[in-house]
Amino acid sequence: MKPGYSHVPADHVAAECSRVAPVLSRIGDKWTVLVVTMLGRGPMRFNALRREIGSISQRMLTLTLRSLERDGLATRTVRPTVPPQVEYALTELGRSLLVPVSAIRDWARAHADAIEQAQRRFDGRCADEAGTAVRAIADQASAS
């Protein structure tokens with residue numbers, strides 16, 4: 001193990017990464033975090049979820065809910081009414097995800113300003129470097 005990487009377990013196996021990567025991709029997706037957080041309050045209908053989240057498209061919410069259902073994190077219940085009412089809820093497995101998802105959400109809230117500042121610094125630095133490169137090219141072109 002390399003110095004500075006003590007958080008990587010000694011028994012790390014590449015096959016585990018392959019198995020865990022899709023799960024991390026699913027639960028780390030921004031829409032999944034938001035939907036799981038909303039469903040953590042209790043069962044919700046599709047349009048209520050969409051209103052609460054706000055910026056999610058109907059298609060993306062549908063895909064997110066289907067993936068959560070497929071992964072066993074949420075259930076979809078159709079009520080025999082006219083029109084049919086569809087309600088989504090977290091399963092026991094989905095509820096077990098609330099603590100880590102809440103921690104990620106809280107971390108994002110706590111560090112959003114610092115991240116935005118870092119992005120502005122980076123973007124400014126890249127713009128400065130690009131400007132320097134353009135000036136160098138222009139100087140070369142005018143010299144020839």
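**Salt bridges and a nonpolar core**

Let's start with a charged pair: Arg41 and Glu52 come together through their side chains in a salt bridge, with 3.1 Å from N to O. This pair ties together distant parts of the chain, since Arg41 sits in the loop between H2 and strand S1 (44-45) while Glu52 belongs to helix H3, 11 residues apart. Arg41 has 60% relative accessibility, so it counts as exposed. Glu52, at 44%, counts as partly exposed. Keep in mind throughout that this is a predicted model.

How many salt bridges does a search of the whole structure find? It turns up four, and two others are worth a look here.

Take Asp71 and Arg26 next. They form a salt bridge whose closest N and O atoms are 3.5 Å apart. Here, too, distant parts of the chain are linked: Asp71 lies in the loop between H4 and strand S2 (74-79), Arg26 lies in helix H1 (residues 14-28), and 45 residues separate them. Is Arg26 buried or exposed? With a relative accessibility of 19%, Arg26 counts as buried, because the cut-off for that label is under 20%. Its partner Asp71 comes in at 33% and so counts as partly exposed.

Then there's Arg105, which pairs with Asp106 in a salt bridge, the closest N and O atoms being 3.1 Å apart. Both partners get the partly exposed label: Arg105 has a relative accessible area of 22%, and Asp106 has 38%.

Now for the greasy side of things. In soluble globular proteins, nonpolar side chains tend to be buried together. In this model, the largest nonpolar core has 21 residues. Which of them touch the most other members? That would be Val35, Leu39, Leu49, Leu61, Leu65 and Tyr88. As for where the core comes from, the elements that give two or more residues to it are helix H2 (30-39), helix H3 (46-53), helix H4 (58-70) and strand S3 (85-90). H2 gives the most, with six residues.

Leu39 makes a handy viewpoint for looking around, as one of those residues that touch the most other core members. Set aside its neighbours within four places in sequence, and Leu39 is in contact with Met44, Leu49, Leu65, Ala74, Tyr88, Ala89 and Leu90. Among these contacts, Leu49, Leu65 and Tyr88 also appear in the list of residues touching the most other members of the core.

Conventions. Residues numbered from 1 in each chain as written. Predicted model: local features only at pLDDT ≥ 70, side-chain atom pairs only at ≥ 80, totals over all residues. Heavy atoms only, no water. Core = buried A, V, L, I, M, F, W, Y, C linked by side-chain atoms within 4.5 Å. Buried < 20%, exposed > 50% of the residue type's maximum accessible area, 1.4 Å probe, protein only. Helix = DSSP H or I, 4+ residues; strand = E, 2+ residues; numbered from the N terminus. Contact = heavy atoms within 4.5 Å.
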